[in-house]
Amino acid sequence: MARKNLTKKNKTHLQGTTSLQDTLHLIETDPEVKSFVYQQINEFSPYVTPETNVIVLARDAEGAYADDDHVISSDADSADNHYPYRIAIVLKEGEATLEAEGFGHDIFDAINAAKEAMLQRLSEIQDEVESPQDRLNAIQQATENTQVH
């Protein structure tokens, strides 16, 4: 997705030092950020059901990092460990919850990193549930059951 050119005022809020309140405000009110969030979470549709709640949270970037139960990702070009933006994506259905966090030097990178971490985890889960042999059998069955009209 191409991001629109940001004005100097907006760019200051989207990159650099930021507070948790600033990040929350961006997610809740900035139309470009909201649109970007919706585009990113749309990529979960092959893995979720209509009952799945998708929650996007801003977290304190200076707070403790997630533990081993959560997937963490960051923008790859960073040489340091300080990120002004920390975003969590939580998928919740019934009692089941899956969470991934992303960090970035701008809010878009953090959202994208969280999405990529979640997609990686969802793919891993799908691979665990569905064996390669099951996939091959399903593909073979699908190709054998084609009907010519």
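## Helices α2 and α3 and their surroundings

Asp 30 lies in the loop between α2 and α3, and the account below, which concerns a predicted model, starts from this residue and works outwards. With a relative accessibility of 14%, Asp 30 counts as buried, because buried means under 20% relative accessible area. At the start of α3, a side-chain oxygen of Asp 30 comes to within 2.9 Å of the backbone nitrogen of Glu 32, and a polar atom of the Asp 30 side chain also lies 3.0 Å from the backbone nitrogen of Val 33.

The chain as a whole has five helices and four strands, and from the N terminus on these elements follow the order α-α-α-β-β-β-β-α-α. Of the 149 residues in the chain, 32% are buried. Among the contacts between residues at least 6 apart in sequence, 63% join residues that are at least 24 apart.

Helix α2 covers residues 20-29, and within α2 the buried residues include Thr 23, Leu 26 and Ile 27. These three cover an arc of only 95 degrees around the helix axis, which puts them on the same side of α2. On the other side of α2, Gln 21 and Glu 28 are exposed.

Helix α3, which spans residues 31-41, has as its buried residues Glu 32, Val 33, Phe 36, Val 37, Gln 40 and Ile 41. They occupy an arc of only 160 degrees around the axis, and therefore they lie on the same side of α3. Pro 31 and Tyr 38, on the other side of α3, are exposed. A general point helps in reading such patterns: an α-helix has 3.6 residues a turn, so residues three or four places apart point the same way.

How do the two helices α2 and α3 pack, and at what angle? Their axes are 6 Å apart and the angle is about 75 degrees, which means that α2 is roughly perpendicular to α3. In this contact, Leu 26, Ile 27, Glu 28 and Thr 29 of α2 meet Pro 31, Val 33 and Lys 34 of α3, and the residues taking part divide into four nonpolar, one polar and two charged. Leu 26 and Ile 27, which belong to this contact, are also among the buried residues of α2, whereas Glu 28 takes part in the contact and is exposed.

Ile 27 also leads to a part of the chain that is distant in sequence. Ile 107 and Ile 27 are 80 residues apart in sequence, and their C-alpha atoms are 8.9 Å apart in space. Ile 107 belongs to helix α4, which covers residues 107-129, and with a relative accessible area of 0% Ile 107 is buried.

Among the strands, β4 (residues 96-104) holds Glu 101, which counts as buried because its relative accessibility is 0%. The side chain of Glu 101 makes polar contacts with the side chains of Arg 59 and Arg 86. The distances for the polar contacts of Asp 30 and Glu 101 are set out below.

| Side chain | Partner | Distance |
|---|---|---|
| Asp 30 | Glu 32, backbone nitrogen | within 2.9 Å |
| Asp 30 | Val 33, backbone nitrogen | 3.0 Å |
| Glu 101 | Arg 59, side chain | 2.5 Å |
| Glu 101 | Arg 86, side chain | 3.0 Å |

Notes. Residues are numbered from 1 along each chain as its sequence is written. This is a predicted model: local features need pLDDT of at least 70, side-chain atom pairs count only at pLDDT 80 or more; totals for chains, interfaces and linings use all residues. Side-chain values use heavy atoms; hydrogens and water are left out. Buried means under 20% relative accessible area, exposed over 50%, partly exposed in between (1.4 Å probe, protein chains only). The arc is that of the directions from the helix axis to the C-beta atoms. A polar contact is a pair of N or O atoms within 3.5 Å; within protein, one must be able to donate a hydrogen and the other to accept it, and residues adjacent in sequence count only if both atoms are side-chain atoms. Axes are lines fitted to C-alpha atoms, for helices over the stretch in contact, and angles run from 0 to 180 degrees between N-to-C directions. Angles under 35 degrees count as roughly parallel, over 145 as roughly antiparallel, 65 to 115 as roughly perpendicular and the rest as oblique. Contact means heavy atoms within 4.5 Å. Ala, Val, Leu, Ile, Met, Phe, Trp, Tyr, Cys and Pro count as nonpolar, Asp, Glu, Lys and Arg as charged, and the others, Gly among them, as polar.
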